[in-house]
Amino acid sequence: MAMQVDLVSPEKMLASMQADSVGLPGSDGDFAAMPGHVPVATSLRPGVVTIESGSDRTEYLVAGGFAEVNSEGVSILAEYAATRAEATREMFDSVREAAVAKVEASEGSQKSEAERELNEIDGLIKSLG
Amino acid sequence: MPSLKDLKNRIESVKSTRKITKAMQMVAAAKLRRAQESAEAARPYAERMTGVLSNIAASAKDREDAPALLKGTGSSERNLMVVCTSERGLCGGFNSSIVKLAKEHIARLQGEGKKITILCVGKKGREQLKRDYEDLFIDPIIFEGVKRITYTEAEKVADVVLKSFDASEYDVVTLFYAEFQSVISQVPTALQLVPASIPEVEGEAAAASQYEYEPDENALLSDLLPKNVTTQIFRALLENAASEQGARMSAMDNATRNAGEMVDKLSIQYNRSRQAAITSELIEIISGAEAL
């Protein structure tokens, strides 16, 4: 059994396909959604979205966003997204800059939150090489 | 009666104007196609965003602690008008129609004694509003030299709006832009950004989709609502870009046609006066010959 998976960014639709499972970097931890998953609405942290369909496996880098899992399938709304092959450093540089600015602007518990986010983006950029 | 040379010069100048308007029309047509494509590409994101939000908002709206972006500040005293127009002219009534709609709103709200601030996005609208409302302006956002509207541009506008809202400077934020319908019709639209106008889901659908929220509902909402503002602005900017090119295309089409008519009219006049000149010359020769 497969389910419909849509990955959209504000500028275009990146993927719309049938898949067996989707790995999502949820803000409270990574999880995989398969057909019949409980309806979940979650925000995403910067990370890798993995869409698996049969033996095909596609990885997308997302810099935060939002995902909705329901009986019809999975919708992923990502602000910046690209396939691993297409992703460039420049694309994430602006995201990183925004995160740095956020760290500087916030204080208290928000600051540690923003710092955590920045670390994640750094990790993501590192994984790009 | 203009001389033959004058007429000839005028015909030439109208012809070159026609060439320019024709070229502008074709450029606008090409740009319109691209603008329409990007407007369409942005649609799935905006639709899903609205879908998700209306699901969550339906349950959160009545709660006391719902974010202010959703339920408002409880007042409608201070209004921010975001007027999106183009950077260039020569696009028919495109800018004027948006400005006109904005002016109507401003006049109505001012009549009710409400406080108004205007944020102009785009140079042309600013020029038109300047005469009457310059003292209500805050720093405009101008996208001069920006070839293609991307999400980054929308973020710039959203940033200004959200920051000032967070600093509780305004109660209501309204966005003005032109919705693209077709090449000949662009509808100026006012869209309330804050408090968010989110379509209600029907009872059945709302009951069927009970979600688990991660993190909790409110955190999610306060994350999503600013994104929704950005998305709406992005959509408005894209609609505007398509509308602008559409309006320019039909304006230039009209101009080309008018120039063509003018060339025809002037050519007839030119031919007639040339004929008249020849005739009178002939008469002179003939009467001169007869006199001999």
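Two residues are taken to be in contact when heavy atoms lie within 4.5 Å. With that criterion in hand, the tour of this predicted model can begin at the boundary between its two chains.

**Stop 1: the interface**

Select chain A and chain B together. Contact involves 24 residues of chain B and 25 residues of chain A. The size of an interface is often given as the accessible area lost when the parts come together. Here the area buried between chain B and chain A is about 2,200 Å², and carbon and sulfur atoms give 58% of that area. Now highlight Tyr45(B), Arg48(B) and Glu214(B): 30% of the area that chain B buries against chain A comes from these residues, more than from any other three.

Side chains of opposite charge can pair when their charged atoms come close. Two salt bridges are found across the interface of chain B and chain A. To view a salt bridge between the chains, keep Arg48(B) selected and add Asp6(A); the closest N and O atoms of this pair are 2.5 Å apart. Polar contacts between chain B and chain A amount to seven residue pairs, counted where both residues have pLDDT 80 or more.

Next, colour the elements on the side of chain B that touches chain A. Those that give two or more residues to this side are helix H2 (43-60), helix H6 (151-166), strand S5 (212-214) and helix H8 (217-291) of chain B. Which of these gives the most? H2(B) does, with seven residues. By residue class, this side of chain B comprises 14 nonpolar, four polar and six charged residues.

**Stop 2: strands that pair between the chains**

Select strand S5 (residues 40-44) of chain A along with S5(B). The two strands pair in the parallel sense over three bridges. Centre the view on Ala41(A), and Tyr213(B) in S5(B) will be found opposite.

**Stop 3: a hairpin in chain A**

Remain in chain A and select strand S3 (residues 21-26) with strand S4 (residues 29-33). These strands run antiparallel and are joined by five bridges. S3(A) and S4(A) form a hairpin, with two residues between them. Within the hairpin, Pro25(A) stands opposite Asp30(A) in S4(A).

**Stop 4: the four-stranded sheet of chain B**

Move to chain B and display its open sheet of four strands. The order is S2-S1-S3-S4, and the pairing is mixed. Strand S2 (115-121) and strand S4 (185-194) of chain B stand at the edges, each with a single partner strand, so one side of each has no neighbour in the sheet. On average, neighbouring strands of this sheet are turned by 25 degrees against each other, direction ignored.

Within the sheet, select strand S1 (residues 78-84) and strand S3 (residues 172-182) of chain B. They run parallel, with five bridges joining them. One pair to label is Val83(B) and its bridge partner in S3(B), Phe176(B).

**Stop 5: two backbone exceptions**

Most residues other than glycine have a negative phi, and most peptide bonds are trans. Chain B offers a departure from each pattern. Select Val194(B) and Pro195(B): the peptide bond from the former to the latter is cis, with omega near -10 degrees. Pro195(B) is placed in the loop between S4 and helix H7 (203-208) of chain B. Then select Leu90(B), whose phi is positive, near 55 degrees. Leu90(B) is found in the loop between S1 and helix H4 (94-111) of chain B.

**Stop 6: a salt bridge within a helix**

Over all chains, the count of salt bridges comes to 18. For one of them, select Glu37(B) and Arg33(B), whose side chains meet at 4.0 Å, N to O. Both residues lie in helix H1 (residues 4-41) of chain B, four residues apart, which is about one turn of the helix.

Conventions. Residues numbered from 1 in each chain as written. Chains lettered and ligands numbered in written order. Predicted model: local features only at pLDDT ≥ 70, side-chain atom pairs only at ≥ 80, totals over all residues. Heavy atoms only, no water. Pairing = 2+ DSSP bridges. Axes fitted to C-alpha atoms, helices over the stretch in contact; angles between N-to-C directions. Buried area = accessible area lost by both parts, 1.4 Å probe. Polar contact = N/O pair within 3.5 Å; in protein donor to acceptor, adjacent residues only side chain to side chain. Nonpolar A, V, L, I, M, F, W, Y, C, P; charged D, E, K, R; others polar.
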